[in-house]
Amino acid sequence: MMDLKESYTLNNGIEIPKLGFGTWMIDNQAVVQAVKTALAIGYRHIDTAQAYENEAGVGAAIRESAVDRKDIFVTSKIAAEWKSYEEAAKSIDDSLNRLGLDTIDLMIIHAPQPWAKFREANYDAENIQVWRALEDAYNAGKVRAIGLSNFKQQDVENILQHAAIKPAVNQILAHISNTPIELIDYCKQNDILVEAYSPVGHGELLKNAKLNEMAEKYQVSVPQLAIRYCLELGLLPLPKSANKDHIQNNADLNFEISQADMNELKAMKPIDDYGESSHFPVYNKK
């Protein structure tokens, strides 16, 4: 297994473990065991969100785990619908209460627009208000780092123009066959770490014959290949699973992908259809 304590350093000097454990679509009851399993295997970075409605379960798992709280990096997200200073500030306090924590390691804006209007309206002014609430929470010691999710370049630019504190991360959909290189490069140039959610393409990559062939060559699974690909690009992947074997397998990343194979993976044809997940805004090409 890769050393799950390996970390990147955020632009404010905070260490963040290189591999995160995602909890989207794991309900509040099931998430307790999933997070405890991940922590027992060695994960030290847990990603949740207000919208997942499982923050209380994540908090319970952290308290019940044998791992010391100070060794666990916890991320949550301000729901995409909260677009005023007051709503955002209250939601941060609510997240702390639900998690039962004194501090959240990383708090990010879940999306630049509410999901019902994703990519369809301009919320630049509102996002500045939400950012102010994050900056105030950061200065008050409620959160240790602040960032963004699903922000395109123009959305990030808007924050950078008005921010007293620079975003530490931008968490985006990024995986083999859907790697927004220009956005990734822009974030890197601005010292913003890119986190990759759905690194296995929400399961769709498992159906790709070419990937199965390449994974076989490295004697790994397709998810392992896909997660390693993100690490090779300097991204922070956030695989999720409630299955113990998959959680373990996803962390076993002690191999390197050759440059030739990386080039092939970067050039892979985008996924046209995310199946059952296509109704989610991020998967329907918005």
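Me: How many positive and negative side chains does the protein chain have, and how far apart do the centres of the two sets lie?
Reply: The protein chain has 29 positive and 40 negative side chains, with the centres of the two sets 1 Å apart. Lys and Arg count as positive, Asp and Glu as negative, and His and the chain ends are not counted. Each charge is placed at NZ of Lys, CZ of Arg, CG of Asp or CD of Glu. The model is predicted: local features need pLDDT of at least 70, side-chain atom pairs count only at pLDDT 80 or more, and totals for chains, interfaces and linings use all residues. Residues are numbered from 1 along each chain as its sequence is written, and side-chain values use heavy atoms, with hydrogens and water left out.

Me: What makes the protein chain as compact as a globular protein of its length?
Reply: The globule rule is 2.2 Å times the number of residues to the power 0.38, and the radius of gyration is taken over C-alpha atoms. For 286 residues the rule gives 19 Å; the radius of gyration is 18 Å, close to that value, so the chain is as compact as a globular protein of that length.

Me: What share of the 286 residues is buried?
Reply: Buried residues, those under 20% relative accessible area with a 1.4 Å probe and protein chains only, make up 56%.

Me: Why is one side of β3 and of β10 left without a neighbour in the sheet?
Reply: Strands are DSSP runs of E, at least two residues long, and two of them pair if DSSP finds at least two bridges between them. β3 (21–22) and β10 (236–238) each have a single partner strand, so one side of each is left without a neighbour.

Technical notes. Buried < 20%, exposed > 50% of the residue type's maximum accessible area, 1.4 Å probe, protein only. Helix = DSSP H or I, 4+ residues; strand = E, 2+ residues; numbered from the N terminus.
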